[in-house]
Amino acid sequence: MSVELMVWDEPVPISRDQARATYLAVKRTSPVDGDVPDVAKELPGEVTLYPGHVLVAMDLDTMDETSAQVFTVARAHGLVCYDPQRDLVHNVAPLGVYEGMQLHTGDGMIVHDPDLGLVHDVLATLSAQNPFVALVNFGRHFLQVSPGYELEYKETTLIRTMVPELEEVQAAFNEYATGDRSFLGRHEWA
């Protein structure tokens, strides 16, 4: 079994719905032959070219590692990357304030310098198959959440709180990623 990602250029960040629609429309067309764009030469996995789009297929066993490489190459070239298995879009911007911040998920995804839209959308995927989401600034601090919306924050010591709504979790992660610590004052932490 294989999984796939698609990369292409977009002038502005797009939504998951827009990325999904583009992916599905492109998949209904035929692949093209011809000159291989530079970005396609750098991508791991099996590459198929479509007009203005590159599809990358990979084995399920190497999906996490290969996906991380594809995300990195796409970002370096300023390209959008759509993950149809997770229904997530990786835009080039806007980014958080911490260079080198990493997004980790319980289903194995790791993204360096994730865009804020991706962080927002990933939080909605919390489930038994994706048991945590964390934003990590190694050696400094992190924020993570598990299903049931237990937030954990660590800077000097680990503190925890329960949050009732996904929207509040998404707001806390956005604040954390942008250097705002307002979420700490809105909850009772233990």
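I began with the sheet of 6 strands, which is open and ordered S7-S6-S8-S9-S10-S11, with antiparallel pairing. Strands here are DSSP E runs of at least two residues, helices are H or I runs of at least four, and both are numbered from the N terminus. Two strands count as paired if DSSP finds at least two bridges between them.

A note on the source: this is a predicted model, in which local features need pLDDT of at least 70, side-chain atom pairs count only at pLDDT 80 or more, and totals for chains, interfaces and linings use all residues. Residues are numbered from 1 along each chain as its sequence is written, and side-chain values use heavy atoms, with hydrogens and water left out.

**Six-stranded sheet**

I checked the edges of the sheet that has the order S7-S6-S8-S9-S10-S11. They are S7 (110-112) and S11 (158-162), each pairing on one side only. On average, neighbouring strands are turned by 15 degrees against each other, direction ignored. Axes are lines fitted to C-alpha atoms, for helices over the stretch in contact; angles run from 0 to 180 degrees between N-to-C directions.

Next I looked at what packs on this sheet. Helix H5 (residues 166-177) does, touching S8, S9 (141-146) and S10 (150-154). Its direction makes about 165 degrees with that of S9. Contact means heavy atoms within 4.5 Å.

**Strand S6**

I followed S6 (residues 102-105) to its partners. It is joined to S8 (residues 133-137) by 4 bridges, antiparallel. Leu103 faces Leu135 across this pair, and His104 stands opposite Ala134. Toward S7 I found 3 bridges, again antiparallel. There His104 stands opposite Ile110. The S6-S7 hairpin has 4 residues between the strands, and Gly108 in it takes a positive phi near 100 degrees.

Are the faces of S6 covered or uncovered? Both are covered: Gln102 and His104 are buried on one side, Leu103 and Thr105 on the other. Buried means under 20% relative accessible area, exposed over 50%, partly exposed in between (1.4 Å probe, protein chains only). Side chains in a regular strand alternate between the two faces of the sheet.

**Helix H4**

I counted burial in H4 (residues 116-123) and got 6 of its 8 residues. They are Leu116, Leu118, Val119, Asp121, Val122 and Leu123. At the N-terminal end, Asp115 acts as the cap, with a side-chain oxygen 3.2 Å from the backbone nitrogen of Gly117.

**Five-stranded sheet**

I then turned to the open sheet of 5 strands, ordered S2-S3-S1-S4-S5 and paired antiparallel. S2 (46-50) and S5 (88-90) are its edges, each paired on one side only. Neighbouring strands are turned by 20 degrees on average, direction ignored. S4 (residues 80-83) pairs with S5 over 3 bridges in the antiparallel sense. Tyr82 has Val89 in S5 as its bridge partner. Helix H3 (residues 63-76) packs on this sheet and touches S1 (2-8), S3 (53-59), S4 and S5. The direction of H3 makes about 5 degrees with that of S1.

**Cores**

Last, I looked up the nonpolar cores (sets of buried Ala, Val, Leu, Ile, Met, Phe, Trp, Tyr and Cys residues joined through side-chain atoms within 4.5 Å). The largest has 44 residues, and Leu151 and Phe173 have the most contacts inside it. H5 gives the most to this core, with 6 residues. Another core lies apart from it, with 11 residues, including Trp8, Tyr23, Tyr50 and Tyr82. I also listed neighbours of Leu151; not counting residues up to four places away in sequence, they include Leu143, Ile159, Phe173 and Trp189.

Conventions. Polar contact = N/O pair within 3.5 Å; in protein donor to acceptor, adjacent residues only side chain to side chain.
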